[in-house]
Every structure is written in C-alpha cells, then in structure tokens.
Amino acid sequence: MLYIGLMSGTSLDGIDAALVEIDQQGMPHLLASHYQSYDRALQAKLFNLSQAVEVKLEDLAAFDHQLGRLYAHCCLTLLKKHNYQACDIQAIGCHGQTIRHKPRPNAFSMQIGDANIVAELTGITTVADFRRRDIAAGGEGAPLVPAFHQYAFLNDHNPRQILNLGGIANITILSQDPEHTFGFDLGPANALSNEWVEKHWQLNFDEGGAIARSGTFQPDLIKRWIAIEYFNKPPPKSTGRELFNLAQFELHTPEVNSLKKEDVLASLIELTAISISRGIEQWGYTEGELFLCGGGARNIYLVERIQHHLLNIRIGLTDDLGIPADMVEACAFAWLAYRTMNGLNGNLPNATGAKGPRVLGAIYPA
Ligand SMILES: Nc1ncnc2c1ncn2[C@@H]1O[C@H](COP(=O)(O)OP(=O)(O)OP(=O)(O)O)[C@@H](O)[C@H]1O
Ligand SMILES: CC(=O)N[C@H]1[C@@H]2OC[C@@H](O2)[C@@H](O)[C@@H]1O[C@H](C)C(=O)O
C-alpha cells in the first residue's frame, strides 16, 4: 500500500514529500521524494504569523488556504516526477504548518494548510490534524515521530537513539520493550542559529556550519542560556519557537549585539550541542548508537560539537538505516496516515504524555 507523507517543519524552509510503501508488517519503505521550498516572502510571512502576539484572522484564513494549495501541488509534482497516479495512493498524511504550540498545562497546537483542498485537488484521501487528539487525551501532541522511529529503526543489539535536528531538536530513546521507548523535544537545533544567520548574513542557514566554525563560542553566554528552565524539565515535554526565538534571546542577553557575530553563532551552536548532550546524559543512553536526521545533520560543525560532548556514542545518519536524513519526518507522516486509515494508534503516550494510545487525525475523503 502506498502513502504520501507531507512535512513542513519549524524551520519554515519548505515542504518535504515522501512516497512510502507500507508492507504487510506495517514497515515503511521510501520509494520516492520531492522537496518544494517556500519562497522568501512566504517564509517571512509564516514566520511573522507564528511569532506575532496578534494575528489578523484574515491572514490566518488566507495562509490556511494558500498552504493547502501548495501541499496539493507538492503531491502532484511528486506523483508526476515519479510516474505514479493518484489512484495508486491510499492516503496522504499532511502534517501542516505549525503556527502555535503551547505545551502543558493548557496545551494547544495549531497547524494550518487546509486538508479539504489537498483532498480536492489531488483526488487522494487526506489525513491531517494529527496532534489535537493526543492533546485532548492529556498529552502535548508532540513529539509524534517516536512511534515511527520505534517501528522503522528498532534493532536488537546496541542501545539506539534517533536525534532529529530540525528547527527544534527531538530525540527518541528506543527500547526492546515498546512500553519503554520514549522521546522528547530537547530544545533548539537550528531555529536560533538560522535567525542569527538571516539577520547578519541574509542567508537561510550556515552551510555545513562553516561560519560558526570560524567563530569562538563564549562560555558566559552559554552559561546563561543553558540555565533556561526547559532544559532541566523532565520528559514528557515539547517546545517550539515560542520559547526558542532570537528576540527572546536578545532580550535575555542583550550583549549579543555588541559581540562578534561569528562568536555569537558559534555560541548558539554550542548551546544546541550542550543541551542535546545534557538531555541525553539525564534521560537517554550515553553509549551505543545515535542516528541523526533532519537538515541539521548536514551541519558538520554541529555534528562534531555533539560528538565532542558525547564521546562514547557512535554517531551515524538514518541514511544508514534506509531512510535519508531529510525524509524521516515526511515518512513518519505517511506512516501515521496508514495508522489512522487502519484504526491504529499513532502516538506514544510516553513521548507525548497522553493518557493512552489514540488513533490520530481527521480523514478528508477523496
Ligand atoms: N547543508 C546544510 N548545512 C547546514 N545546515 C543545514 C544544511 N541543510 C539543512 N540545514 C539546516 O536544517 C534546517 C532544515 O531542517 P529540517 O527541514 O529538518 O527542519 P524542519 O523539519 O523544518 O524542523 P522541525 O523538525 O523542527 O519541524 C535548515 O533550516 C538548516 O538550518
Ligand atoms: C508542534 C510541532 O510542530 N512540533 C514539531 C517541532 O519540530 C521538531 C519537534 O518540534 C517535534 O516536537 C515536532 O515535530 C515532529 C515531526 C514530531 O511531532 O515528532
């Protein structure tokens, strides 16, 4: 059975689309993929929508519609590029674009991108709104990928963990006993460094981490940042750009604007590396294997800094486990659509904090 997964994450860079075959055992196999970037104007508008305290209802409704069309277009391009027909696909799993996420207490999470439009324009049944049933069951609605990691990446020997380096970093600690597998959001991966790079170099991100490597991290800054309460809060926990954004950091440590810009960037990367290693030391395995996914896996400097703080861990890419690092989250939403269409739970209560397993999402028939 074939499913499409669509993911557009907190980096606001664009849409990842994955065409996935789910075999008889429910195991996913990536067949084809497509990436469609947002143009800079849309990126800026979505960033504003996701950060502004007050948002015009008109804008929210218009972007919900525009994104629905973009998601549909992205699916159609994927099908065309790889010679598949809409009728070959059982369903699309469409994550949507998160524009607000509030952890517990009183959690909520809002994703936009009208799934009615996706179903209408593609002619394919679409599953969307994956997070809110988990929240209704007392969870945070995030992270959702740990259940997928458990299915796709569990092995039977070394302790194994999967680390996603998107805008936000999240980890899954795999266990032979599914009851013990869990995951949580660690804090910022690229969200802060991207904003800094955009502000000072007008670039989307620091290719390979070259600019950060040319700077020197500032221990005083890192000491103040790492004191943020979120880092020591025990899982289950999730976060977003509501907490980890540059404006907030500039308010907290205004001296960043009088320091060398490369040094501040190196410090932001060091914060990511240290918060990840501390999270793993407190709640994960400090030995065994750590497989990376998400765009930040291509930031060689960041990966080196993570390795520096976790000397006993062997770091690899999920490419070695059969799914390219860039496509893991999109594959996860294809798999989540399969779960929903078959009446199976998609969340891992240990990761989200929900009262129990739940079938996630709403189905928009073709
Ligand atoms: N070649 C590269 N060098 C350095 N960084 C890179 C490279 N390619 C991608 N990235 C980083 O990865 C980011 C995109 O990662 P990804 O697409 O996994 O994020 P996301 O899915 O939007 O986020 P999240 O997982 O938090 O929802 C880019 O914004 C950039 O910071
Ligand atoms: C609310 C939201 O969109 N959260 C994202 C974000 O990006 C990474 C991390 O924070 C994770 O919690 C989640 O995405 C993945 C797909 C998840 O739910 O597992």
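Reader: In this predicted model, which residues does T272 touch, not counting residues up to four places away in sequence?

Author: T272 is found in helix 10, which spans residues 261–283, and it counts as buried because 27 C-beta neighbours lie inside 10 Å, where 20 or more are needed. The C-alpha atom of T272 is separated by 9.2 Å from that of L192, a residue 80 places apart from it along the chain. Leaving out residues up to four places away in sequence, the residues that T272 touches are A169, P188, A189 and L302.

Reader: How is the protein chain divided into domains, and how far apart do the C-alpha centres of domain 1 and domain 2 lie?

Author: Domain 1 is made of residues 2–142 together with 327–364, while domain 2 covers 145–321. The C-alpha centres of domain 1 and domain 2 are separated by 23 Å. The contact between them takes 26 residues from domain 1 and 31 residues from domain 2, and the distance asked for, from centre to centre, is 23 Å.

Reader: Which element gives the most to the side of domain 1 that touches domain 2?

Author: The elements that give two or more residues to this side of domain 1 are helix 1 (40–51), strand 4, helix 12 (328–341) and helix 13 (349–352). By class, the side of domain 1 that touches domain 2 has 10 nonpolar, 13 polar and three charged residues. The element that gives the most, with five residues, is helix 12.

Reader: Where does ligand 1 lie with respect to domain 1 and domain 2?

Author: Ligand 1 is surrounded by 21 residues, of which G9, S11, G166, N190 and G295 are the closest. The shell around ligand 1 divides into two nonpolar, 14 polar and five charged residues. Because domain 1 (2–142 + 327–364) and domain 2 (145–321) both give residues to this shell, ligand 1 lies between them.

Reader: Is G9 buried or exposed?

Author: G9 is found in the loop between strand 1 (2–8) and strand 2 (14–22), and an unreviewed UniProt entry lists G9 under "binding site", together with T10, S11, L12, D13, G14, I15 and D16. Leaving aside its neighbours within four places in sequence, G9 is in contact with G166, G167 and E329. Since G9 has 22 C-beta neighbours inside 10 Å, it counts as buried.

Reader: What does G14, which the unreviewed UniProt entry also lists for "binding site", count as in terms of burial?

Author: G14 lies in strand 2, where, not counting residues up to four places away in sequence, it touches S8, Y35, Q36, S37 and Y38. Because G14 has 19 C-beta neighbours inside 10 Å, and a buried residue needs 20 or more, G14 counts as partly exposed.

Reader: Which residues come nearest to ligand 2?

Author: The shell around ligand 2 draws at least three residues from each of domain 1 and domain 2, and strand 4 (89–102) and strand 8 (168–173) each supply at least two of its residues. By class, this shell divides into five nonpolar, 11 polar and two charged residues. Of the 18 residues around ligand 2, those that come nearest are T98, A142, P143, V145 and I168.

Reader: What kind of peptide bond joins A142 and P143?

Author: P143 lies in the loop between helix 4 (132–136) and helix 5. Helix 5 (residues 145–153) is mostly covered, with seven of its nine residues buried, among them V145, P146 and A147. For the bond that joins A142 and P143, omega is about -10 degrees, and the peptide bond is cis.

Reader: Which residues have the most contacts inside the largest nonpolar core?

Author: In soluble globular proteins, nonpolar side chains tend to be buried together. The largest nonpolar core here has 104 residues and draws at least three of them from each of domain 1 and domain 2. I92, for instance, touches I4, L6, C75, V118, T122, I124, T126, V127 and A337, not counting residues up to four places away in sequence. The residues with the most contacts inside this core are I4, L6, Y71, C75, I92, C331 and A334.

Reader: Is N83 buried or exposed?

Author: N83 lies in the loop between helix 2 (57–81) and strand 4, and N83 has a positive phi of about 60 degrees although it is not a glycine. Because N83 has 8 other C-beta atoms within 10 Å, and a residue with 12 or fewer falls in this class, N83 is exposed.

Notes
Residues are numbered from 1 along each chain as its sequence is written. Chains are lettered from A and ligands numbered from 1 in the order in which they are written. This is a predicted model: local features need pLDDT of at least 70, side-chain atom pairs count only at pLDDT 80 or more; totals for chains, interfaces and linings use all residues. Helices (H or I, at least four residues) and strands (E, at least two) are DSSP runs, numbered from the N terminus. Two residues are in contact if their C-beta atoms, placed from the backbone, lie within 7 Å. A residue is near a molecule or strand if its C-beta atom, placed from the backbone, lies within 6 Å of it. Ala, Val, Leu, Ile, Met, Phe, Trp, Tyr, Cys and Pro count as nonpolar, Asp, Glu, Lys and Arg as charged, and the others, Gly among them, as polar. Domain bounds come from an automatic or database domain assignment. A nonpolar core is a set of buried Ala, Val, Leu, Ile, Met, Phe, Trp, Tyr and Cys residues joined through C-beta atoms within 7 Å. UniProt positions are given in the numbering used here, feature names are shortened, and annotations may be inferred rather than shown by experiment.
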